[in-house]
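Let's take a walk through this model, one region after another. Have the sequence and the 3D view open side by side as you read.

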Amino acid sequence: MELKVTAQQKTNVKKKSLKDIIGKIDVRAYTMIGAIVAIWLFFGILNDTFLTARNLSNLFTQMSVTSILAIGMVLVIVAGHIDLSVGSIVGLTGGIAAIFSNWMGMPTIVVIVVTLVAGAIVGLLQGWLVAYQAIPAFIVTLGGMMAFRGILMGITKSTTIPIFDANFIALGSAYFTNMFGIVLAILAVVILVILTIRKRKTRLNYGFEVMPLSLEIMKILFLSSLIVLFVITMNSYKGIPFPIIFVIGLAVIFSFIANNTTFGRHIYAIGGNSEAARLSGINIKSRTMMLFVFSGLLSAVAAIVLTARLSSATISAGQMYELDAIAACVIGGTSLMGGSGTIIGAIIGAMVMTSLDNGMSLMGLDTYWQYIVKGSILVLAVWIDIASRKKNK
Amino acid sequence: MYSLEMDQITKEFPGVKALDRVTFKVKKGEIHALCGENGAGKSTLMKVLSGLYPTGTYSGEIRINGTPVHFRNIKDAEKAGIAIIHQELALVKDLTVGENIFLGAEPKKYGVIQWDQLFYESSEWLNAVGLNVAPQTKIYSLGIGQQQLVEIAKALSKNTKILILDEPTAALTESEVEILMGILEELRKKGVTCIYISHKMPEVFRLADSITVLRDGKSIATLSKDETSEDEIISLMVGRELTERYPQAERTPKETILEVKNYSVWHPDMPKMKVNDNISFSLRKGEILGIAGLMGSGRSELATSLFGAYEGKREGEVWIEGKKVHIRNVQDAINEGIALVTEDRKRFGLVLSMDVKTNTTLASLKKISKWGVMNHNEEMKSSQQFVQKLKTKTASLETKVGALSGGNQQKVVIAKWLMSKPKILILDEPTRGIDVGAKYEIYQLMNQLVNEGVAIIMISSELPEILGMSDRILVMNEGRFVKELTKEEATQEKIMSAATGGGK
């Protein structure tokens with residue numbers, strides 16, 4: 001019986017051409033990587049320092065905060081909502097971290113836990129208002145954006161609070177040793193190979209088609225060389241910056257949540273058609289609230305990284321970061337209509353934004369130009385996306 | 001004398017010939033029905049006629065009153081007196097009736113809208129279609145049937161000679177259909193030519209003077225109503241002799257599985273209004289219970305509230321397999337073995353941005369996951385099985401459901417609920433807007449399920465379907481079951497008279 005089904009499946013699923021198979025690889029992600037390469041080459045040619053290991057290391061550190069925020073933002077937008085408050089949550093939880101560290105002299109671990117809990121509570125509150133009280137997320141988080149900034153000013157008495165705890169500061173500004181980087185690279189490649197082999201095996205067991213082995217190997221080689229190149233570049237300066245590990249770790253966890261868990265599937269279904277999702281037995285309210293908890297939690301992580309990097313909490317910390325995060329998502333292909341978007345896309349989007357920031361600063365472009373260019377790139381990215389989608393239809 | 005002649009129209013899309021030398025001739029002042037399965041080319045033909053596909057993108061000739069015409073856009077077609085009313089109405093809900101009728105053609109003087117003239121002229125057009133509402137009424141306060149009449153008024157205001165109606169009665173209640181039919185008969189007397197696209201044979205035969213059948217992009221035949229029959233048209237549409245439209249099967253209903261006692265449901269926004277009033281009924285394993293009734297009689301509310309998805313207050317008892325159950329939400333209902341294939345699959349049934357596979361598994365993710373982590377291979381396997389079982393036509397499991405035809409979309413919705421392994425399957429208008437072939441397959445599937453011991457409740461507005469498929473029929477009127485009929489004693493007349501409140 002089992003055999004028969006497998007045989008049927010084999011005949012039923014049409015033999016696919018190479019083009020179909022390549023088409024199934026995330027074309028978007030690869031074009032985005034292409035865009036990054038183009039931006040880097042552009043700045044690299046115009047400016048000698050841009051492509052140095054030192055600057056790239058800086059760039060990765062810079063993009064970490066936006067990336068972490070974008071990871072949470074993607075899921076919120078996919079579900080058809082928006083979170084305008086993340087910048088203010090970064091400011092507020094950063095302030096709380098500094099207060100606990102400096103004024104109260106708490107140990108690092110306590111500071112971290114308190115900060116994360118604060119972020120989660122703020123997210124829970126907003127999530128409850130959006131999910132259970134049906135207030136539009138735009139309004140709840142716009143209110144949150146103002147209120148949290150206000151609370152920050154109140155509790156810090158509008159002062160800048162420095163942090164002296166070296167352990168805490170290390171979270172944002174330390175580097176891993178070269179040895180650690182090499183071990184990490186080897187580990188990543190090994191995991192990549194194991195996962196690919198395992199996936200192939202189970203798919204074959206089920207009698208499904210698999211990608212040609214050569215293509216699979218090419219993919220592994222491509223990704224591995226990216227990993228190796230990254231580690232070599234970072235090691236030739238000071239090593240892998242600490243914050244980047246947060247980004248990679250969170251990206252892996254949340255990509256897994258988005259693609260491989262029922263929670264993730266529910267989010268995409270809610271964003272695609274919330275009525276159909278409800279009538280399929282999905283608890284929309286609890287899922288929506290959970291999303292905002294995640295968003296608050298990730299904002300707190302971003303706050304830790306930012307506060308540690310600057311070794312102080314200011315009242316303007318995180319201002320406008322929500323817009324950077326939203327822009328990163330949108331450039332990375334997340335639809336503001338809900339229902340589609342990927343974590344990896346958002347991170348690449350964050351990289352595009354940060355590269356532009358970094359490159360233009362290096363070239364000494366006036367701030368006003370930087371705003372104009374970033375704004376135009378955002379609109380351009382969505383324009384290209386919409387135009388290409390129309391074509392595909 | 002033909003008012004419209006479409007001669008040898010061929011329209012090709014990359015890889016498909018949507019229309020293949022179609023000839024379609026409409027006499028002046030007649031109602032001409034255009035029939036065909038979904039995908040037969042009806043919509044494409046009408047898009048060619050209404051200028052949506054401009055001249056040059058198709059071959060062949062269109063003549064109006066004998067003169068060849070070449071439409072470059074919709075405006076050209078409108079100028080020639082052609083207006084199309086789509087299945088999904090295109091009115092602006094927040095504007096008034098008058099504003100909608102003159103939308104884009106407001107009477108102006110120096111760029112200033114002449115409101116008095118606009119509302120006065122609108123009321124004239126509303127009179128012409130027999131719609132008795134003030135032109136200042138906002139569209140959203142009108143029923144679907146009334147909105148349809150506004151669309152017709154709007155079309156007439158543009159001096160329309162040829163009116164195209166695409167499935168106009170899909171969303172109308174029986175009484176609204178009556179009104180619409182009356183209006184169309186009026187218009188015929190006034191000399192307006194009308195092209196009527198419909199799946200519903202009784203309507204076609206009541207209204208039309210001539211009938212043209214399209215199949216696979218070809219015009220098969222044009223017949224006068226008097227010289228043909230419903231069965232002939234249907235067999236021309238499907239291209240084979242349909243010996244029976246409803247597959248018969250021996251059914252032996254077994255023990256009672258569902259019992260509903262003194263069940264009442266209140267409207268969520270109007271807390272005093274009961275949409276279901278003190279209902280009691282039972283359902284047995286291996287039977288199909290048909291629920292007939294007019295739209296708005298409370299059938300869908302009963303289904304959604306039993307399924308835990310209705311927001312209004314509920315009262316009464318529900319027993320499943322001799323156990324009293326409390327269904328508070330959809331998840332409870334799924335756990336108790338109830339599944340609901342909702343009406344309006346695009347709004348309530350499918351996530352159009354997701355693919356066949358993910359839509360199929362959406363209600364049964366627990367079956368393919370462990371600790372909340374999904375097994376993608378299991379997902380592929382089970383959805384593949386349903387594609388085979390239901391003969392769903394799809395390019396792959398990763399095809400977005402939005403790209404499928406209506407019948408195949410419906411199969412995906414049904415697959416989603418079969419995967420939840422229901423004991424009680426509620427089907428709300430399961431064959432609305434899908435072609436005859438897919439309908440037949442769905443009926444066969446229902447027979448097969450009943451054979452396997454599933455109990456089915458089928459809600460339908462199509463009386464032949466209710467009569468053809470049900471073992472027992474309950475008729476609902478204003479939130480109550482007013483009549484119960486066995487398969488043997490049921491007739492269309494008996495059901496209709498009970499549903500419309502007669503024979504109490």
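Start at B:Lys323, which is exposed because just 8 other C-beta atoms lie within 10 Å, and a residue counts as exposed at 12 or fewer. Keep in mind that you're looking at a predicted model. B:Lys323 belongs to strand E17 of chain B, residues 323-325. If you want a second landmark, try B:Lys393: the two lysines sit 70 residues apart in sequence, and their C-alpha atoms are 40 Å apart in space.

Now for a strand with a rather different setting. Strand E9 of chain B (residues 162-166) is mostly covered, with four of its five residues buried. Which strands does E9(B) pair with? One is strand E6 of chain B (residues 82-85), which pairs with E9(B) in the parallel sense over four bridges. To find that pairing on screen, look for B:Ile84, whose bridge partner in E9(B) is B:Ile164. Another is strand E10 of chain B (residues 193-197), which runs parallel to E9(B) and is joined to it by five bridges. Here the pair to look for is B:Leu165 with its bridge partner in E10(B), B:Tyr196.

For an antiparallel arrangement, move along chain B to strands E23 (residues 472-477) and E24 (residues 480-486), which are joined by six bridges. These two strands make a hairpin with two residues between them. At the turn end, B:Asn477 has B:Arg480 of E24(B) as its bridge partner. Within the turn, B:Glu478 has a positive phi of about 45°.

Over in chain A, it's worth turning to a pair of helices. H6(A), residues 108-131, packs against H14(A), residues 284-310, at an angle of about 150°, and their axes are 7 Å apart. The crossing is right-handed. Sorted by class, the contact between H6(A) and H14(A) holds 18 nonpolar, nine polar and one charged residues.

That brings us to the core. In soluble globular proteins, nonpolar side chains tend to be buried together. The largest nonpolar core in this model has 179 residues, and the members touching the most others are A:Ile68, A:Ala70, A:Met73 and B:Ile426. H14(A) turns up again here, giving the largest share of this core with 16 residues. Where does the core lie with respect to domain 2 and domain 3 of chain B? Domain 2 (254-337 + 422-436 + 448-504) and domain 3 (341-421) both give residues to the core, so it lies between them.

Notes
Residues are numbered from 1 along each chain as its sequence is written. Chains are lettered from A and ligands numbered from 1 in the order in which they are written. This is a predicted model: local features need pLDDT of at least 70, side-chain atom pairs count only at pLDDT 80 or more; totals for chains, interfaces and linings use all residues. Two strands pair if DSSP finds at least two bridges between them. Axes are lines fitted to C-alpha atoms, for helices over the stretch in contact, and angles run from 0 to 180 degrees between N-to-C directions. A crossing is left-handed if the near helix is turned anticlockwise from the far one by less than a right angle, and right-handed if clockwise. Ala, Val, Leu, Ile, Met, Phe, Trp, Tyr, Cys and Pro count as nonpolar, Asp, Glu, Lys and Arg as charged, and the others, Gly among them, as polar. A nonpolar core is a set of buried Ala, Val, Leu, Ile, Met, Phe, Trp, Tyr and Cys residues joined through C-beta atoms within 7 Å. A residue is buried if 20 or more other C-beta atoms lie within 10 Å of its own, exposed if 12 or fewer, and partly exposed in between; C-beta atoms are placed from the backbone. Domain bounds come from an automatic or database domain assignment.
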